[in-house]
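Me: Got a minute to walk through this one with me? I'd like to start at the tail end and work back from there.

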Amino acid sequence: NFYHQAKYTISVHNLSQLPSDTGREVAFAGRSNAGKSSAINAITQQKSLARTSKTPGRTQQIIFFELDEKRRLIDLPGYGYAKVSITIKQHWQNTLERYLQTRDSLRGLILLMDIRHPLTDFDKNMLLWCQHSAMPVHILLTKADKLSFGASKSALLQVKAQLTQFKTESSEISIQLFSSLKLTGLEEARSVLDGWLGV
Ligand code: GTP
Ligand code: MG
């Protein structure tokens with residue numbers, strides 16, 4: 001499998017450290033503790049490629065994983081993490097915004113939402129930004145294993161219904177159930193990545 005060959009490349013704290021903006025990349029965004037790093041590990045089938053934690057705020061840099069010379073997956077710090085100073089928050093917000101706005105090789109965002117707490121204000125802002133900047137976005141409603149099959153299906157339908165407000169003719173937005181624990185939705189997620197990365 002193409003995704004199994006992912007390798008850690010670099011952790012970026014300042015934008016001056018970004019690897020060259022060529023080829024294609026896909027970034028994993030979402031609230032702190034939503035399960036971004038776990039999803040990267042599930043997709044690449046590497047238990048400890050991206051560092052995960054029970055406590056929010058684990059990922060504090062923009063972390064690059066190389067799939068091949070031309071393709072990368074990016075683990076972003078979560079938004080909404082309260083326990084850091086205002087200065088650090090500001091730095092992160094600016095860094096993230098500038099990365100998202102200026103990165104030519106960024107082909108799409110995987111936006112993770114805990115299925116039990118979907119569409120927070122942060123998520124809505126991110127979806128609005130994707131809409132305005134015509135950035136393709138694919139939502140993983142993750143930790144689906146925490147709900148029964150029926151409950152997760154109905155959560156999916158409810159969120160889907162709300163997505164119409166973030167849709168325009170030119171915007172690409174899709175959604176699925178996901179579980180890093182049970183590996184639910186793995187193939188569906190990989191096929192979206194395949195499309196964006198040109199695999
Ligand atoms: P930050 O780096 O802090 O922004 O968090 P993150 O979004 O990278 O979350 P991370 O992958 O570190 O996971 C947070 C916690 O949720 C960990 O305890 C994971 O084990 C757990 N978790 C992640 N995905 C799943 C899932 O699909 N199912 C269940 N049950 N737990 C999950
Ligand atoms: Mg993380």
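Me: What does phi of G198 look like, just after helix 5?
Reply: Positive, about 70° for G198, right after helix 5 ends. Keep in mind that this is a predicted model.

Me: And helix 5 itself, how far does it reach from its first C-alpha to its last?
Reply: Helix 5 reaches 16 Å over its twelve residues, close to the 16 Å expected at 1.5 Å a residue.

Me: OK. Which residues of helix 5 are buried?
Reply: A189, L193 and L197 are buried in helix 5. Down the helix axis, the buried residues of helix 5 fall within an arc of 65°, so they line one face. That goes with the general picture: an α-helix has 3.6 residues a turn, so residues three or four places apart point the same way.

Me: What's exposed on the other side of helix 5?
Reply: E187, S191 and D194 are exposed there.

Me: And what covers the buried residues of helix 5?
Reply: The cover includes strands 2, 4, 5, 6 and 7, and helix 1 as well.

Me: L186 is in helix 5 too. Is L186 buried, exposed or partly exposed?
Reply: Partly exposed: L186 has 17 other C-beta atoms within 10 Å, and the cut-off for buried is 20 or more. Leaving aside neighbours within four places in sequence, L186 is in contact with A42 and I43.

Me: How far is L186 from L127?
Reply: Their C-alpha atoms are separated by 22 Å, and L186 and L127 are 59 residues apart along the chain.

Me: Switching topic. How many residues are in the largest nonpolar core?
Reply: The largest nonpolar core has 41 residues, and F28, I74 and L111 have the most contacts inside it. Elements giving two or more residues to this core include strands 2, 3, 4, 5 and 6, along with helices 1, 3 and 5.

Me: Which element gives the most to this core?
Reply: Strand 5, with six residues.

Me: Back to I74. What is I74 in contact with, leaving aside neighbours within four places in sequence?
Reply: I74 is in contact with E25, V26, A27 and F28, and also with I62, I63 and F64.

Me: I74 is in strand 4, right? How many residues of strand 4 are buried?
Reply: Right, I74 is in strand 4. Five of the five residues of strand 4 are buried.

Me: How do they split between the two faces of strand 4?
Reply: R71, L73 and D75 are on one side of strand 4, with R72 and I74 on the other, and all are buried. As a general point, side chains in a regular strand alternate between the two faces of the sheet.

Me: In what sense do strand 2 and strand 4 pair, parallel or antiparallel?
Reply: Parallel, over five bridges. In that pairing, F28 stands opposite D75 in strand 4.

Me: And strand 3 with strand 4, parallel or antiparallel?
Reply: Antiparallel, also over five bridges. D68 stands opposite R71 in strand 4. Strand 3 and strand 4 form a hairpin, with two residues between them.

Me: Before I forget, phi again. Which residue in the loop between strand 6 and helix 4 should I look at?
Reply: K143 lies in that loop. K143 has a positive phi of about 60° although it is not a glycine. In general, most residues other than glycine have a negative phi.

Me: Is K143 buried or exposed?
Reply: K143 is buried, with 25 other C-beta atoms within 10 Å.

Me: What about Q45, where does that one lie?
Reply: Q45 lies in the loop between helix 1 and strand 3. Phi of Q45 is positive as well, near 50°. Q45 is partly exposed, with 13 other C-beta atoms within 10 Å.

Me: Zooming out, how many helices and strands does the protein chain have?
Reply: Five helices and seven strands. From the N terminus on, they run β-β-α-β-β-α-β-α-β-α-β-α.

Me: What's the radius of gyration of the protein chain?
Reply: The radius of gyration is 16 Å, close to the 16 Å that the globule rule gives for 199 residues, so the protein chain is as compact as a globular protein of that length. Along its principal axes, the C-alpha trace spans about 45 × 40 × 40 Å.

Me: Last one: what share of the protein chain's residues count as buried?
Reply: 34% of the 199 residues count as buried. On contacts, among those between residues at least 6 apart in sequence, 72% join residues at least 24 apart.

Notes. Residues are numbered from 1 along each chain as its sequence is written. Chains are lettered from A and ligands numbered from 1 in the order in which they are written. This is a predicted model: local features need pLDDT of at least 70, side-chain atom pairs count only at pLDDT 80 or more; totals for chains, interfaces and linings use all residues. A nonpolar core is a set of buried Ala, Val, Leu, Ile, Met, Phe, Trp, Tyr and Cys residues joined through C-beta atoms within 7 Å. A residue is buried if 20 or more other C-beta atoms lie within 10 Å of its own, exposed if 12 or fewer, and partly exposed in between; C-beta atoms are placed from the backbone. Helices (H or I, at least four residues) and strands (E, at least two) are DSSP runs, numbered from the N terminus. Two residues are in contact if their C-beta atoms, placed from the backbone, lie within 7 Å. The expected span of a helix is 1.5 Å times one less than its number of residues. The arc is that of the directions from the helix axis to the C-beta atoms. The radius of gyration is taken over C-alpha atoms; the globule rule is 2.2 Å times the number of residues to the power 0.38. Two strands pair if DSSP finds at least two bridges between them.
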